[in-house]
Amino acid sequence: MRANYLFTSESVSEGHPDKVADQISDAIVDLFLSKDPEARIACETLTTTDLVVLAGEIRCKGVYEYGREEWKDNDYWAPGAKEEIEQVVRATVKRIGYEQKGFHWETFEFINRLHGQSAEIAQGVDASDNKDEGAGDQGIMFGYATDETPGLMPATLYYSHKILERMAADRHSGKAPFLEPDAKSQVTLRYEGSLPVAATAIVVSTQHKRGYCLTGDHADPAKYAELEAYVKKVVSDVIPPVLLRETKYYINPTGAFEIGGPDGDAGLTGRKIIVDTYGGAAPHGGGAFSGKDPTKVDRSAAYITRYLAKNVVAAGLATRCTIQIAYAIGVSEPLSLYVDTHETGTVGDDKIEQAILGIAKLGGLTPRSIRTHLGLNKPIYQPSAAYGHFGRDADGDFFPWERLDLVDDLKAALA
């Protein structure tokens with residue numbers, strides 16, 4: 001590891017167009033899982049000016065089924081199902097706070113192109129009398145943990161998320177009425193060894209009400225100074241002062257940000273996979289999470305590898321840990337498990353791999369075992385779709401992949 005270096009991570013707010021799409025997709029996942037814990041969902045969302053489009057495949061008892069007499073042209077919906085889906089989509093956008101010209105929760109055009117799950121995918125994933133349920137797709141997934149922060153997340157990403165979470169809370173409460181939903185943050189930290197010692201640069205770009213800018217027809221330097229002072233106060237509240245001694249700030253560096261959200265840029269599900277995970281501090285398998293039910297190992301296996309890596313670090317077996325797992329579509333057992341403690345481990349990485357595979361209460365690492373152990377067949381996903389899937393729930397009270405209930409098992413296996 002280099003002795004001294006700079007590292008940067010970014011975050012985006014719940015009002016960023018890609019995150020609007022992620023939250024809508026996960027709202028659909030939660031809707032279907034609330035009706036059928038075994039529902040299959042692959043929901044993609046497009047957001048743009050005055051338009052939301054859903055596309056993908058589902059199978060859900062009581063909502064969308066095939067193999068019935070009423071099913072014709074791949075479009076059998078239970079009565080009221082399409083209306084309920086639209087209600088959930090509009091409620092999601094309303095909660096985020098979009099009531100603007102160009103994108104208003106009540107008036108945007110809505111197009112639903114969800115349809116039944118491919119029978120070929122279903123036959124590879126469904127359990128049968130002679131085989132366990134297979135993975136919903138092939139792929140590689142990574143989990144990561146580091147002792148840089150209390151939530152065992154990279155500090156650059158942790159603080160980037162915290163800045164935007166605080167700004168969103170202030171916007172919703174009315175404490176910062178000049179803010180609009182769309183925003184981005186970026187934190188650069190200087191490291192000495194493995195420890196962050198200073199924030200050298202912080203970038204915050206936030207959509208704002210008319211006038212809180214330095215350029216354009218509505219420019220008002222006094223209002224911009226108010227916004228700038230507010231952002232610096234948020235930063236000083238969420239980042240330890242010892243890290244802010246040499247910080248350079250870039251607050252709305254283009255000068256104005258009145259047009260934002262889907263009206264300013266199109267949004268798509270799954271385009272913020274580094275924001276969702278580890279801010280670039282760890283590898284990524286490439287698969288997004290939002291819009292997918294937990295039979296999709298892009299999601300469930302990424303959660304179990306985070307869970308395992310976090311417990312390895314919390315058990316004191318390493319200060320950093322990366323775990324990779326791989327699957328083939330329709331095959332239940334993983335193809336490989338790989339542990340890398342980046343030369344910080346107190347025991348060999350191969351021994352940690354063996355310990356993980358030997359923990360009885362995990363029940364293995366098949367897709368079914370993962371979902372059973374973590375309790376993933378529940379409508380818990382929409383809250384994960386903004387401000388990161390990891391590190392926000394230190395004890396796993398809501399996100400079960402953040403639990404630390406394997407620490408004693410790992411210690412015992414490696415005693």
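In what order do the 3 strands of the open, antiparallel sheet lie? Before selecting anything, keep in mind that the model on the screen is a predicted one.

**First stop: the sheet of 3 strands**

Select β7, β12 and β13, and you will find that they form an open sheet in the order β7-β12-β13, with antiparallel pairing. The strands at the edges are β7 (139-146) and β13 (336-340), and each has a single partner strand, so one side of each is left without a neighbour in the sheet. Looking along the sheet, you can follow how neighbouring strands are turned against each other, by 15 degrees on average when direction is ignored.

Now narrow the selection to β7 and β12 (residues 320-327), which pair in the antiparallel sense over 8 bridges. A convenient place to look is isoleucine 140, whose bridge partner in β12 is alanine 326. Add helix α8 (residues 297-314) to the view, and it will be seen to pack on the sheet, where it touches β7 and β12 and has a direction that makes about 30 degrees with that of β7. Helix α9 (residues 349-358) also packs on the sheet, touching β12 and β13, and its direction makes about 135 degrees with that of β13.

**Second stop: from α8 to α10**

Keep α8 selected and add α10 (367-374), since the axes of these helices come within 10 Å and cross at roughly 60 degrees. The helices α8 and α10 are therefore oblique to each other, and their crossing is left-handed. To display the contact, show Val297, Ser300, Ala301, Tyr303, Ile304 and Tyr307 of α8 together with Pro367, Ile370, His373 and Leu374 of α10. Coloured by class, this contact of α8 with α10 has 8 nonpolar and 2 polar residues, and no charged ones.

**Third stop: α1 and α2**

Move next to helix α1 (residues 17-35) and helix α2 (residues 81-96), which pack at an angle of about 135 degrees with their axes 9 Å apart. They are therefore oblique to each other, and the crossing of α1 and α2 is right-handed. On the α1 side the contact is made by Val20, Gln23, Ile24, Ala27, Ile28, Leu31, Phe32 and Lys35, while α2 contributes Glu84, Ile85, Val88, Val89, Thr92, Val93, Arg95 and Ile96. The residues of this contact divide into 11 nonpolar, 2 polar and 3 charged.

With these helices still in view, select glutamine 382, which is found in the loop between α10 (367-374) and α11 (407-413). Leaving aside residues up to four places away in sequence, glutamine 382 touches Gln23, Asp26, Ala27, Asp30, Thr92 and Arg95. A polar contact of 3.1 Å joins the side chain of glutamine 382 to that of threonine 92.

**Last stop: the sheet of 4 strands**

Finally, select β1, β8, β9 and β10, which form an open sheet in the order β1-β8-β9-β10 with mixed pairing. Here β1 (4-12) and β10 (248-251) stand at the edges, and because each has a single partner strand, one side of each is left without a neighbour in the sheet. The twist from one strand to the next averages 15 degrees.

Within this sheet, β1 and β8 (residues 179-192) run antiparallel and are joined by 9 bridges, and you can locate threonine 8 and then its bridge partner in β8, threonine 188. Helix α4 (residues 155-173) packs on the sheet, touching β1, β8 and β9 (195-208), and its direction makes about 155 degrees with that of β8.

Key:
Residues are numbered from 1 along each chain as its sequence is written. This is a predicted model: local features need pLDDT of at least 70, side-chain atom pairs count only at pLDDT 80 or more; totals for chains, interfaces and linings use all residues. Side-chain values use heavy atoms; hydrogens and water are left out. Axes are lines fitted to C-alpha atoms, for helices over the stretch in contact, and angles run from 0 to 180 degrees between N-to-C directions. Helices (H or I, at least four residues) and strands (E, at least two) are DSSP runs, numbered from the N terminus. Angles under 35 degrees count as roughly parallel, over 145 as roughly antiparallel, 65 to 115 as roughly perpendicular and the rest as oblique. A crossing is left-handed if the near helix is turned anticlockwise from the far one by less than a right angle, and right-handed if clockwise. Contact means heavy atoms within 4.5 Å. Ala, Val, Leu, Ile, Met, Phe, Trp, Tyr, Cys and Pro count as nonpolar, Asp, Glu, Lys and Arg as charged, and the others, Gly among them, as polar. A polar contact is a pair of N or O atoms within 3.5 Å; within protein, one must be able to donate a hydrogen and the other to accept it, and residues adjacent in sequence count only if both atoms are side-chain atoms. Two strands pair if DSSP finds at least two bridges between them.
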